[in-house]
Amino acid sequence: MKSTTRKIKRPAPLPPRKWAEDLAPVLHDLGEPLNIHKLMARHAALLTAWMPFRNHVVTSSTLAPRQRELLILRTAVNCNAQYEWAHHVMRGRKAGLSDDEIQRVKNDPESATWPEAEKALLKAADECWCDAIVSDPTYAALAAHFDDRQLLDILATVGMYITLATMINTFRLPLESDHCPD
């Protein structure tokens, strides 16, 4: 019996000129939207609801930018999200991560060279991805360095980027032409 594979049509990023009128404040907030925002614009209510959460994680979190980027980069590795990896390599550098550290996020997250707090962040990202829970030993390591608000921001950051990676990977979202993966 001959197998036939039907081509699956997936939604493409929506150019801003085609966005719903009620997304004007979101577009203003974003400036030049990325492809992930253009994809989510196909569901105006979702993008509108998403933006306050996104803004908290990206700009108002209790985590330092370096800590946030470690979590995001490790989540991108775990989720095989090349789109997020490419964007956050650049943001990681801006947050103070060296190219060597960025490669260690990918290839050696348990390296003895990581400070204990950062090693715990990377481990937490792995555990959230694998088990949807941070183990007691990892939680204890995190709690030694982070307060309750930061602990919640750690989980929110990883959870948000797992959700984004799922959208990106499912819809085969292309990287913007002005970004090239490292």
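1. Let's start with Glu118 and what it touches. If you skip the neighbours within four places in sequence, Glu118 is in contact with Arg66 and Leu70. Keep in mind that this is a predicted model. You'll find Glu118 in helix H7, which covers residues 116–131. Is Glu118 buried or exposed? Its relative accessibility is 10%, and buried means under 20%, so Glu118 counts as buried.

2. One of those two contacts goes further than touching. Glu118 and Arg66 form a salt bridge, and their closest N and O atoms are 2.5 Å apart. Look at where the two partners sit: Glu118 is in helix H7 and Arg66 is in helix H4, with their positions 52 residues apart, and the pair links distant parts of the chain.

3. Arg66 has another partner, so to speak, in Glu101. Here the salt bridge has its closest N and O atoms 2.6 Å apart. Why does this pair tie together separate parts of the sequence? Because Glu101 belongs to helix H6 (residues 99–107) while Arg66 belongs to helix H4 (residues 65–78), and the two are 35 residues apart in sequence. Glu101 has a relative accessibility of 14%, so Glu101 counts as buried as well.

4. Now put those pairs together. Which residues are linked in a network of salt bridges? They are Arg66, Glu101 and Glu118. Try finding Arg66 in the picture first, then trace from Arg66 to Glu101 and from Arg66 to Glu118.

5. How many salt bridges are there by the rule used here? The count comes to eight. Another one of them joins the side chains of Glu69 and Arg68, with 3.4 Å from N to O. Both partners are on the buried side of the cut-off: Glu69 at 2% relative accessibility, and Arg68 at 12%.

6. Arg68 turns up again when you look at Thr157. Leaving out neighbours within four places in sequence, Thr157 is in contact with Arg68, and also with Val57, Leu63, Leu71 and Ile72. Thr157 itself lies in helix H9, residues 148–170. With a relative accessibility of 1%, Thr157 counts as buried. There is a distance to check here too: Thr157 and Arg54 are 103 residues apart along the chain, yet their C-alpha atoms are separated by 9.0 Å.

7. Time to leave the buried residues and look at the surface. Which residues form a positive surface patch? Lys9, Arg17, Lys18 and Arg42 do. Take Lys9 as one of the four: its place is in the segment before helix H1 (24–30). The relative accessible area of Lys9 is 78%, and exposed means over 50%, so Lys9 counts as exposed.

8. Ala12 is worth a look as well, since its place is also in the segment before H1. Is Ala12 buried, exposed or partly exposed? At 40% relative accessibility, Ala12 counts as partly exposed. Setting aside neighbours within four places in sequence, Ala12 is in contact with Leu39 and Arg42, and Arg42 is one of the residues in the positive patch. You can also check Ala12 against Tyr83: these two are 71 residues apart along the chain, and 15 Å separates their C-alpha atoms.

Definitions and conventions
Residues are numbered from 1 along each chain as its sequence is written. This is a predicted model: local features need pLDDT of at least 70, side-chain atom pairs count only at pLDDT 80 or more; totals for chains, interfaces and linings use all residues. Side-chain values use heavy atoms; hydrogens and water are left out. Buried means under 20% relative accessible area, exposed over 50%, partly exposed in between (1.4 Å probe, protein chains only). Contact means heavy atoms within 4.5 Å. Patches are made of residues with over 30% relative accessible area and no salt bridge: like charges are joined within 9 Å, nonpolar side chains (Val, Leu, Ile, Met, Phe, Trp, Tyr) within 5 Å. Accessible areas come from the Shrake-Rupley method with a 1.4 Å probe; for residues, only the protein chains shown count as cover. A salt bridge is a side-chain nitrogen of Lys or Arg within 4 Å of a carboxyl oxygen of Asp or Glu. Lys and Arg count as positive and Asp and Glu as negative; His and the chain ends are not counted. The place of a charge is taken as NZ of Lys, CZ of Arg, CG of Asp or CD of Glu.
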